[in-house]
Amino acid sequence: TSVLALYDDAPVPRLLDAVDVGMDRDTAFSEHERLRLGPGDDAVVTYSEHFNSSQTYGFHTVVFARRDRLSMVAQVFTLSSRGCGWQRAEDPVFKVVADPGRPYGALKVAVRVATSRTDDGDCGQPVPRPSTRTYRGVWRWEAAKGRWHGGSAALDRLDKQNQADF
C-alpha cells in the first residue's frame, strides 16, 4: 500500500482524501513533472514497479484533485524486457494540450517501444529485429459525467501484448 493524501492548506491541516496508488512493490512520484490540466488544476504521475532479472513491470497512474477529492485520470502499464542479444524499453510521455470548450486540457499519452540489439555475443537464439513504435492515446474531461474518459485502441493493444508477456 502506498497512500497519496490530499490536505487542505489551513493553519491546522485537515485530511480531505486519500487513495492507494501502490500498484506494485516500489512506488514513488514519477520523474514526469506535474501536469497542468487547467488554471490552478494540476495532476501528478505516480509510478509503481518491480523487476526481476529480465523484466521491469511499471504502472504509471495520473491522479488529480477536484472538489477536495482525488481521482484517477489514466493508468498505463509498461513492460520492459531483455534477453540474450536484445532489449526492449517502453517509455511513456505525458503531455497536456489545450482542449477548447472544456475546463481541462486533454491528456495525451505516448508510449515509445524501442527494441534494440545488445552486445551479448552469439546466444544461439533468435534475436528480435531492432524497431521503434509509438502507441498513443488521449483522455478528455467529460463534464456531464464529471470524469475523465479516453485511451486508444493502440494503447489497448500494447496493454494486451504486455499482459501476455507478463
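**Exercise 1. A salt bridge between S10 and a loop**

Does Arg-140 count as buried, partly exposed or exposed, and at what relative accessibility? Then find its salt-bridge partner and place both residues in the chain.

*Solution.* The model is a predicted one.

- Step 1. Take the accessibility. Arg-140 has 34% relative accessibility and therefore counts as partly exposed. The partly exposed class lies between the 20% and 50% limits.
- Step 2. Find the partner. Arg-140 forms a salt bridge with Asp-99, with the closest N and O atoms 3.2 Å apart.
- Step 3. Place the two residues. Arg-140 lies in strand S10 and Asp-99 in the loop between S8 and S9, so the pair ties together parts that are 41 residues apart in sequence.
- Step 4. Classify the partner. Asp-99 has 11% relative accessibility, so Asp-99 counts as buried.

**Exercise 2. Other salt bridges**

State how many salt bridges the whole structure holds, and describe those of Arg-14 and Arg-147.

*Solution.*

- Step 1. Start with the principle. Side chains of opposite charge can pair when their charged atoms come close.
- Step 2. Count. A search of the whole structure gives nine salt bridges.
- Step 3. Take Arg-14. Its salt-bridge partner is Asp-8, and the closest N and O atoms are 3.6 Å apart. Arg-14 is partly exposed, at 49% relative accessibility.
- Step 4. Take Arg-147. This residue forms a salt bridge with Glu-142, the closest N and O atoms being 3.8 Å apart. Both ends are partly exposed: Arg-147 at 36% relative accessibility, Glu-142 at 21%.
- Step 5. Look for shared partners. Arg-34, Arg-36 and Asp-42 are joined into one network by salt bridges that share partners.

**Exercise 3. The two sides of helix H1**

Check the length of H1, then work out which residues are buried and how they are arranged around the axis.

*Solution.*

- Step 1. Check the span. H1 has 13 residues, 153-165. At 1.5 Å a residue, the helix should span 18 Å, and its end C-alpha atoms are 18 Å apart, which agrees.
- Step 2. List the buried residues. They are Ala-154, Leu-155, Leu-158 and Asn-162.
- Step 3. Find their side. These residues cover an arc of only 95 degrees around the axis, which puts them on the same side of H1.
- Step 4. Recall the geometry. An α-helix has 3.6 residues a turn, so residues three or four places apart point the same way.
- Step 5. Turn to the other face. Away from the buried side, H1 carries the exposed residues Ala-153, Lys-160 and Ala-164.
- Step 6. Name the cover. What covers the buried residues of H1 includes strands S7 (69-83), S8 (86-97), S9 (106-117) and S10 (131-142).

**Exercise 4. Strand pairing around S8**

How do S7 and S8 pair, and over how many bridges? Repeat for S8 and S9.

*Solution.*

- Step 1. Take S7 and S8. They pair in the antiparallel sense, over three bridges. Gly-83 stands opposite Trp-86 in S8.
- Step 2. Inspect the turn. S7 and S8 form a hairpin with two residues between them. In that turn, Gly-85 has a positive phi of about 90 degrees.
- Step 3. Move on to S9. S8 and S9 run antiparallel and are joined by 12 bridges. One of the pairings is that of Phe-94 with Val-109 in S9.

**Exercise 5. Aromatic pairs**

Count the aromatic pairs and classify two of them by the angle between their planes.

*Solution.*

- Step 1. Count. The structure has seven aromatic pairs.
- Step 2. Classify Phe-64 and Trp-141. Their ring centres are 5.9 Å apart and their planes stand at 80 degrees, so the pair is edge-to-face.
- Step 3. Place this pair. Phe-64 is in strand S6 (residues 55-66) and Trp-141 in strand S10, 77 residues apart.
- Step 4. Check burial. Phe-64 is buried at 1% relative accessible area, and Trp-141 is buried at 4%.
- Step 5. Classify Tyr-104 and Trp-148. This pair is tilted, with 5.7 Å from centre to centre and 35 degrees between the planes.
- Step 6. Place the second pair. Tyr-104 lies in the loop between S8 and S9 and Trp-148 in strand S11 (residues 147-151), so the pair ties together parts that are 44 residues apart in sequence.
- Step 7. Check burial again. Tyr-104 counts as buried at 8% relative accessibility, and Trp-148 is buried at 7% relative accessible area.
- Step 8. Combine. Ring pairs link Phe-64, Tyr-104, Trp-141 and Trp-148 into a cluster.

Key: Residues numbered from 1 in each chain as written. Predicted model: local features only at pLDDT ≥ 70, side-chain atom pairs only at ≥ 80, totals over all residues. Heavy atoms only, no water. Helix = DSSP H or I, 4+ residues; strand = E, 2+ residues; numbered from the N terminus. Expected span 1.5 Å × (residues − 1). Buried < 20%, exposed > 50% of the residue type's maximum accessible area, 1.4 Å probe, protein only. Arc of directions from axis to C-beta. Contact = heavy atoms within 4.5 Å. Pairing = 2+ DSSP bridges. Phe/Tyr/Trp six-rings, centres within 6.5 Å; stacked < 30°, edge-to-face > 60°. Salt bridge = Lys/Arg side-chain N within 4 Å of Asp/Glu carboxyl O.
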